[in-house]
Amino acid sequence: LRGMHGKFGDMEQKLWEDSMTCALGARFLARSLRTGDPEEAFIAGLFRHIGRTVFNNQDPEAYQQLIKQHQRCGVEMLAKETANFEINHAELGAAVLHHWQLSDTIATVALHHHAEALETIEDADARTLTAIVNIASEFPVMLGIFGPFGGDVELADLPGAKLLGLDAERLEELFEDFSEVFEENRDDFLS
């Protein structure tokens, strides 16, 4: 993903770190929960924001301004992207992944990783993988990699947590375990 950027400055570094942290978190969750394929979870986490990379390459000034206004990705950000670009990063990402002929499951995750109603995803494997990535998407925020929100995230309120039946205590334990491994290896993971 690093090589996809037209230039590589601070924003591109943040996008890279966000993607890698989510990918590592998704793999960690799949392994820890013994659900889904950990390597597919890694790929899905890595590519979930590929649409953001495309926006940033196509119109860096406009997209970086949008990110500054709404650093935390979510429904609000999707609406702002659609208002500014006539498509949001989830839709664009899914289209790019289809064009690249990656699996339908990976494209489905990119399309629905912010969705409130994950149970509407018909394919059970795609639904589970989307739930995992939905949770792992918050790890970069919680680690302070992308956005100023830190610990303001309630993982148990996420659609992915509800779909997988994970309560706040189990999610806190999972995040603490991931965070410990991540911080010990941060330089290796993000270089």
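## Helices, charges and salt bridges in a predicted model

User: Which residues gather in a patch of negative charge on the surface?

Analyst: This is a predicted model, where local features need pLDDT of at least 70, side-chain atom pairs count only at pLDDT 80 or more, and totals for chains, interfaces and linings use all residues. Numbering runs from 1 along each chain as its sequence is written, and side-chain values use heavy atoms, with hydrogens and water left out. A patch takes residues with over 30% relative accessible area (Shrake-Rupley, 1.4 Å probe, only the protein chains shown as cover) and no salt bridge, joining like charges within 9 Å. Asp and Glu count as negative, placed at CG of Asp or CD of Glu, and the surface patch they make here is Asp167, Glu169, Glu172, Glu176, Asp177, Glu180 and Glu184.

User: Where is Glu172 found?

Analyst: Helices here are DSSP runs of H or I with at least four residues, numbered from the N terminus, while strands are E runs of at least two. By that count, Glu172 sits in helix H11, residues 168–190.

User: How many helices and strands does the protein have in its secondary structure?

Analyst: Reading along the sequence gives α-α-α-α-α-α-α-α-α-α-α. The tally is 11 helices and zero strands.

User: What share of the protein's residues is buried?

Analyst: Buried means under 20% relative accessible area, exposed means over 50%, and partly exposed is in between (1.4 Å probe, protein chains only). Out of 191 residues in the protein, the buried share is 50%.

User: Why do the buried residues of H4 end up on the same side, and what arc do they cover?

Analyst: In helix H4 (residues 60–69), the buried ones are Tyr63, Gln64, Leu66 and Ile67. They're on the same side of H4 because of how little of the axis they go around, the arc being only 155 degrees. That arc is taken from the directions from the helix axis to the C-beta atoms. Glu61 and Lys68 are exposed on the other side of H4, and the buried arc is 155 degrees.

User: How many salt bridges does a search of the whole structure find?

Analyst: To count, a side-chain nitrogen of Lys or Arg has to be within 4 Å of a carboxyl oxygen of Asp or Glu. With that cut-off, the search of the whole structure comes back with five.

User: Which residues are linked with Glu39 in a network of salt bridges?

Analyst: One bridge joins the side chains of Glu39 and Arg31, 3.3 Å from N to O. Glu39 is partly exposed at 38% relative accessibility, and Arg31 is partly exposed too, at 49%. The residues networked with Glu39 are Arg27 and Arg31.

User: What is the N to O distance between Arg170 and Glu173?

Analyst: Both lie in helix H11, three residues apart, about one turn of the helix. An α-helix has 3.6 residues a turn, so residues three or four places apart point the same way. Arg170 is partly exposed at 27%, as is Glu173 at 40%. Their side chains meet in a salt bridge at 2.6 Å.

User: Which residue forms a salt bridge with Arg186?

Analyst: The partner lies in helix H11 with Arg186, three residues away. The closest N and O atoms are 2.9 Å apart, and the partner is Glu183.

User: What is the phi of Arg34?

Analyst: Most residues other than glycine have a negative phi. Arg34 is in the loop between helix H1 (10–33) and helix H2 (38–47), exposed at 76%. Though not a glycine, Arg34 has a positive phi of about 50 degrees.

Terms used: Patches are made of residues with over 30% relative accessible area and no salt bridge: like charges are joined within 9 Å, nonpolar side chains (Val, Leu, Ile, Met, Phe, Trp, Tyr) within 5 Å.
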